[in-house]
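Here are my notes on the model you asked me to look over. Have it open while you read.

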Amino acid sequence: MTTLNTWVPVPEKSDFSIYNLPFGIFSKNTEAPKAGIAIGEQIVDLALVSELGLLDVDAGYFKKSTLNDFIALGKEITNKVRLDIQKLLVIENSPLKNYPEVFVLQKDARMHLPVHVGDYTDFYSSIEHATNVGKMFRDPENALLPNWRHIPVGYHGRASSIVVSGTEIRRPMGQVKTNDMKAPVFQASNRLDFELEMGFIVGKSTELGERVSTKDAANHIFGLVLFNDWSARDIQKWEYVPLGPFLGKSFASSMSPWIVTLEALEPFKIKGPEQEPEVLSYLEYEGDRNYDIQLEVSMSTSTSEDITISKSNFKYMYWNMMQQLAHHTVNGCNINVGDVMASGTISGKDESSYGSLLEISWGGKKPFELKDGSKRTFIENNDTVTMRGFAEKEGKRVGFGEVTGTILPSR
Ligand code: MN
């Protein structure tokens with residue numbers, strides 16, 4: 001990576017370095033939401049930069065409440081906007097130095113969901129997570145179902161309940177039946193969990209009947225976000241056979257507000273795990289298609305400070321995003337700009353890298369301790385879960401900020 005120096009102050013260890021420049025939707029005071037790019041502790045107001053005549057894209061694209069129309073312009077244009085901003089933040093005689101109003105402090109802004117999500121799909125692509133869940137819910141000897149190493153398993157999730165980081169989440173009510181109950185009961189979930197995931201945002205639509213190859217898949221991916229797929233394990237356990245997750249998942253998923261482009265993540269590509277047995281030809285791929293992104297989950301309560309409870313990495317994914325997209329479209333299913341496809345819980349090999357409380361507390365059997373000594377197996381009311389992620393190489397950091405959410409009592 002060539003070294004770039006920006007004249008904008010960027011704190012050391014900032015996720016939003018000059019190498020990153022993620023896109024998001026922000027608003028300040030009572031103004032309408034609009035598009036921005038994060039740099040250090042600030043946001044570059046893209047509509048204002050465009051109005052100064054410094055971008056090729058009309059300011060109207062940046063004055064919308066979502067990025068969908070901008071993203072739909074295509075990578076040739078969106079990448080150029082990002083590189084033009086990068087140049088303006090680096091060059092000594094930058095015209096932006098004369099327009100301080102172009103910069104908004106992130107702490108003075110409110111972030112919004114960056115895209116309108118038409119459809120949301122959740123995969124199940126971490127072999128460590130699928131194995132752990134299989135051991136707990138089914139058979140410790142044959143944890144993986146026979147299809148798992150042949151198909152990037154997934155399900156269609158609910159798009160309407162995807163919310164931006166910081167949105168408070170109500171504990172879901174639902175039907176629960178444990179093994180010792182004769183009949184199901186209606187109650188607040190008492191096995192509320194998070195799932196540490198990353199999601200990619202579709203950047204290029206397809207026609208019905210069209211397939212996307214693993215080779216072309218990157219052209220259809222705009223960028224990535226952190227994703228917390230909140231899950232009610234007790235509701236899930238009773239409802240999921242035979243058609244899969246439903247109300248145990250659909251009550252909410254939270255995502256981070258800044259979309260980190262695939263181009264910004266290019267230097268962090270890494271080889272994925274060996275796939276055995278060999279995959280069918282439409283799932284074959286070339287090159288390094290995993291990404292080395294360090295992930296962590298932390299938890300705080302009304303009485304206990306934030307502490308890290310898990311550290312994982314996006315590189316562990318057995319099925320990569322290119323394979324997920326090729327599989328998703330292999331039957332001709334069309335995709336649209338703004339669709340979110342999430343990875344599934346990202347667990348690593350050992351206990352310190354598990355991406356859900358189901359695994360961390362091993363089905364509720366192994367409580368863990370928070371900062372103030374209080375114990376948890378699942379999430380209690382007023383607990384806050386925060387996920388963070390970043391890639392780093394040669395001192396150059398590209399990060400995602402965070403996705404956080406606090407659980408409120410049921411209504
Ligand atoms: Mn999930």
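1. Where does P277 lie? P277 is in the loop between β18 (269-270) and β19 (290-291). The peptide bond that joins E276 to P277 is cis, with omega about 5°. Another cis bond runs from V241 to P242, with omega near 5°, and P242 belongs to the loop between α5 (233-239) and α6 (247-250). Most peptide bonds are trans. Helices and strands here are DSSP runs (H or I of at least four residues for helices, E of at least two for strands), numbered from the N terminus.

2. A word on the ground rules. This is a predicted model, in which local features need pLDDT of at least 70 and side-chain atom pairs count only at pLDDT 80 or more, while totals for chains, interfaces and linings use all residues. Residues are numbered from 1 along each chain as its sequence is written, and side-chain values use heavy atoms, with hydrogens and water left out.

3. Now the overall picture. The chain has nine helices and 26 strands. Its radius of gyration is 21 Å, which agrees with the value near 22 Å for a compact globule of 411 residues; the radius is taken over C-alpha atoms, and the globule rule is 2.2 Å times the number of residues to the power 0.38. Along the principal axes, the C-alpha atoms fill a box of roughly 70 × 55 × 40 Å.

4. Burial and contacts come next. Of the 411 residues, 54% are buried; that means under 20% relative accessible area, with exposed being over 50% and partly exposed in between (1.4 Å probe, protein chains only). Among contacts with a separation of 6 or more, 72% are between residues 24 or more positions apart, where contact means heavy atoms within 4.5 Å.

5. As for the surface, the accessible area of the chain is about 18,200 Å², and carbon and sulfur atoms own 50% of it. These areas come from the Shrake-Rupley method with a 1.4 Å probe; for residues, only the protein chains shown count as cover.

6. The metal site deserves a look. The manganese ion has D122 (OD), E195 (OE), E197 (OE) and D229 (OD) as its protein donors, lying 2.1 Å from it. Donors are N, O and S atoms within 2.8 Å of the metal (3.2 Å for Na, K and Ca), and water is not among the atoms, so sites may look incomplete. Along the chain the donors are spaced D-x72-E-x1-E-x31-D. D122 sits in strand β6 (residues 120-123) and D229 in the loop between β14 (221-228) and β15 (231-232), so this pair ties together parts 107 residues apart in sequence. Both D122 and D229 are buried.

7. Why can helix α4 be called largely enclosed by the rest of the structure? Eight of the eleven residues of α4 (residues 127-137) are buried, so the rest of the structure largely encloses this helix. The buried ones are I127, E128, H129, A130, N132, V133, G134 and M136. Their cover includes α9 (357-360).

8. M322 is worth clicking on. M322 belongs to helix α8 (residues 321-329) and is buried, at 0% relative accessible area. Beyond neighbours within four places in sequence, M322 contacts T214, A217, A218, I221, R289 and Y291. S213 is 109 residues from M322 in sequence, yet their C-alpha atoms are 7.8 Å apart.

9. Try the loop between β25 (384-393) and β26 (396-408), where G395 is found. G395 is exposed, with a relative accessible area of 67%. The C-alpha atoms of G395 and E12 are 9.6 Å apart, with their positions 383 residues apart along the chain. E394 is in that loop too; this non-glycine residue has a positive phi near 50°, and counts as exposed at 59% relative accessibility.

10. N29 is another non-glycine residue with a positive phi, about 50°. N29 lies in the loop between β1 (23-28) and β2 (34-39) and is exposed at 72% relative accessibility. Most residues other than glycine have a negative phi.

11. Last, N382, in the loop between β24 (375-376) and β25. N382 counts as partly exposed at 38% relative accessibility. Leaving out residues up to four places away in sequence, N382 touches S300, T301, S302, T406, I407 and L408. The C-alpha atoms of N382 and S302 are separated by 6.3 Å, the two being 80 residues apart along the chain.
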